[in-house]
Amino acid sequence: MALKITHECINCDVCEPVCPNQAISQGVEIYEIDPGLCTECVGHHASPQCQDVCPVACIPLDPDHVESPEQLMAKYHKLTRLVS
């Protein structure tokens, strides 16, 4: 499942640079995560880097974008062009 940033976000900008898929960008009010690019860092790291660095813990799982570990790995391969 992709992650999402809630309105508790303080726009500190620590999450965006650590995202290996460039899924995080500045939105109108707060940072946003593109669910089409978010793999929860599967394939890159053992844990979601944005969650690890967030000082206010405002990045939960997004229940609107449920994905299994296998689906996240397939998305990782697609994004890194390892799957044709």
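Which residues touch the most other members of the largest nonpolar core? Hi everyone, let me start there. One thing to keep in mind throughout is that this is a predicted model.

The largest nonpolar core holds 16 residues, and the ones that touch the most other members are I5, C15, I24, I33 and I59. As background, nonpolar side chains tend to be buried together in soluble globular proteins. Let me zoom in on I24. If we set aside its neighbours within four places in sequence, I24 is in contact with I5, C15, E16, C19, Y31, E32, I33 and C50. So that list includes I5, C15 and I33, which also appear among the core residues with the most contacts to other members.

You will have spotted several cysteines there, and that brings me to the next topic. How many disulfides does a search of the whole structure find? The count is zero. Take C41: the nearest cysteine sulfur belongs to C19 and sits 6.1 Å away, and C41 is in no disulfide. That distance falls outside the cut-off, because a disulfide here requires two cysteine sulfur atoms within 2.5 Å. C41 is also buried, at a relative accessible area of 8%. Then there is C54, again in no disulfide, where the nearest cysteine sulfur is that of C58, 3.7 Å away. C54 is buried too, with a relative accessible area of 15%.

From C41 we can step across to Q49. Leaving out residues up to four places away in sequence, Q49 touches V18 and C41. Q49 lies in helix α1, which covers residues 49-53. Its side chain also reaches back to the backbone oxygen of S47, at 2.9 Å.

Now for the backbone, and something for those of you who enjoy a Ramachandran plot. In general, most residues other than glycine have a negative phi. Here, N11 has a positive phi of about 55°, although N11 is not a glycine. Q22 is another case, with a positive phi near 55° in a residue other than glycine. Where do we find N11? N11 is in the segment before β1, the strand that spans 24-26. Q22 is placed in the segment before β1 as well. And are they buried or exposed? N11 is partly exposed, with a relative accessible area of 33%, while Q22 counts as exposed, at 66% relative accessibility.

That is my tour, from the core through the cysteines and Q49 to the backbone. Thanks for listening, and I'm happy to chat about any of it.

Notes
Residues are numbered from 1 along each chain as its sequence is written. This is a predicted model: local features need pLDDT of at least 70, side-chain atom pairs count only at pLDDT 80 or more; totals for chains, interfaces and linings use all residues. Side-chain values use heavy atoms; hydrogens and water are left out. Buried means under 20% relative accessible area, exposed over 50%, partly exposed in between (1.4 Å probe, protein chains only). Helices (H or I, at least four residues) and strands (E, at least two) are DSSP runs, numbered from the N terminus. A polar contact is a pair of N or O atoms within 3.5 Å; within protein, one must be able to donate a hydrogen and the other to accept it, and residues adjacent in sequence count only if both atoms are side-chain atoms. Contact means heavy atoms within 4.5 Å. A nonpolar core is a set of buried Ala, Val, Leu, Ile, Met, Phe, Trp, Tyr and Cys residues joined through side-chain atoms within 4.5 Å.
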